[in-house]
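Trainee: I should like to work through this structure with you. May we take the backbone first and the interior afterwards?

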Amino acid sequence: MKIHHYITFSMLLISSLNAQNNSYDIMFKGIKLGEISTLATLNERYLDAKVTNFIAKLLLRKKHFVFYEDQKPKIEDAKYRKDKNKILFVLYEAIVHRPTSKIYNLKNNKKITLSCKNRFCNYDFIKNGKLKGKGVIEFDNKNRFYALKEEISDVTIIKSK
């Protein structure tokens with residue numbers, strides 16, 4: 001596939017996710033911290049969640065929580081957190097490529113294994129030979145992203161009801 005076809009396909013896929021006008025809840029240890037209004041920002045490798053939990057608002061003293069991979073996006077009144085366990089990378093790859101089985105060898109002795117079958121993708125993130133991340137990405141019956149459940153850090157991103 002030519003690179004411009006790949007880029008166009010990726011943009012259309014992410015745009016269609018945004019066009020669904022679905023929002024997603026971000027949860028930590030079963031507690032809803034905030035709401036993600038769009039997944040379109042995955043193209044730029046970040047997610048922006050509006051903080052909705054009262055206690056989280058008090059602790060963060062910010063209106064947004066931004067989870068980013070490489071570069072901080074410019075968002076006002078935001079608390080930033082770098083994605084050290086490559087959750088955004090895995091989510092993007094699962095949504096865009098949905099590989100049957102693929103190993104990503106990353107720099108600094110990091111490796112991700114991503115395997116997808118039917119409506120589920122399972123992944124493992126290994127750093128320096130140790131398991132640092134493990135989770136499941138689920139798609140709905142219409143083949144749209146539904147949920148990501150990271151088992152080790154107990155973070156969940158799930159479609160709002």
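**Hairpin, disulfide and core**

Mentor: We begin with the hairpin of strand 1 and strand 2, which has 2 residues between the strands. Within this hairpin Lys 29 takes a positive phi near 55 degrees. Please keep in mind that the model is predicted.

Trainee: How many bridges join strand 1 to strand 2?

Mentor: Strand 1 covers residues 24-28 and strand 2 covers residues 31-36, and the two run antiparallel. One of the pairs sets Tyr 24 against Ile 36 in strand 2. The number of bridges that join these strands is 5.

Trainee: Which residue of strand 11 does Ile 26 stand opposite?

Mentor: Strand 1 also pairs with strand 11, in the antiparallel sense and over 5 bridges. In strand 11, the residue opposite Ile 26 is Ile 157.

Trainee: Is Asp 154 buried, partly exposed or exposed?

Mentor: Asp 154 lies in the loop between strand 10 (145-150) and strand 11 (155-159). Its phi is near 60 degrees, a positive value in a residue other than glycine. The relative accessible area of Asp 154 is 33%, and buried would require under 20% whereas exposed would require over 50%. Asp 154 is therefore partly exposed.

Trainee: Where is Asn 128 found?

Mentor: Asn 128, too, is a residue other than glycine with a positive phi, here near 55 degrees. Strand 8 covers 120-127 and strand 9 covers 130-139, and Asn 128 is in the loop between strand 8 and strand 9.

Trainee: What is the handedness of the disulfide of Cys 116 and Cys 121?

Mentor: A search of the whole structure finds 1 disulfide. It joins Cys 116 to Cys 121, with an S to S distance of 2.1 Å, and both cysteines are buried. The torsion about the S-S bond is about 110 degrees, so the disulfide is right-handed.

Trainee: Which residues touch the most other members of the largest nonpolar core?

Mentor: The largest nonpolar core holds 29 residues. Elements that each supply at least two of its residues include strand 1, strand 7 (110-117) and strand 9, while the largest share, 9 residues, comes from helix 3. The members that touch the most others are Ile 137 and Phe 145.

Trainee: Which residues does Ile 137 touch, not counting those up to four places away in sequence?

Mentor: The contacts of Ile 137 include a residue of the disulfide, Cys 121. Not counting residues up to four places away in sequence, Ile 137 touches Val 90, Leu 91, Ala 94, Arg 119, Phe 120, Cys 121, Tyr 123, Phe 145, Ala 147 and Leu 148.

How values were computed:
Residues numbered from 1 in each chain as written. Predicted model: local features only at pLDDT ≥ 70, side-chain atom pairs only at ≥ 80, totals over all residues. Heavy atoms only, no water. Helix = DSSP H or I, 4+ residues; strand = E, 2+ residues; numbered from the N terminus. Buried < 20%, exposed > 50% of the residue type's maximum accessible area, 1.4 Å probe, protein only. Pairing = 2+ DSSP bridges. Disulfide = S-S within 2.5 Å. Core = buried A, V, L, I, M, F, W, Y, C linked by side-chain atoms within 4.5 Å. Contact = heavy atoms within 4.5 Å.
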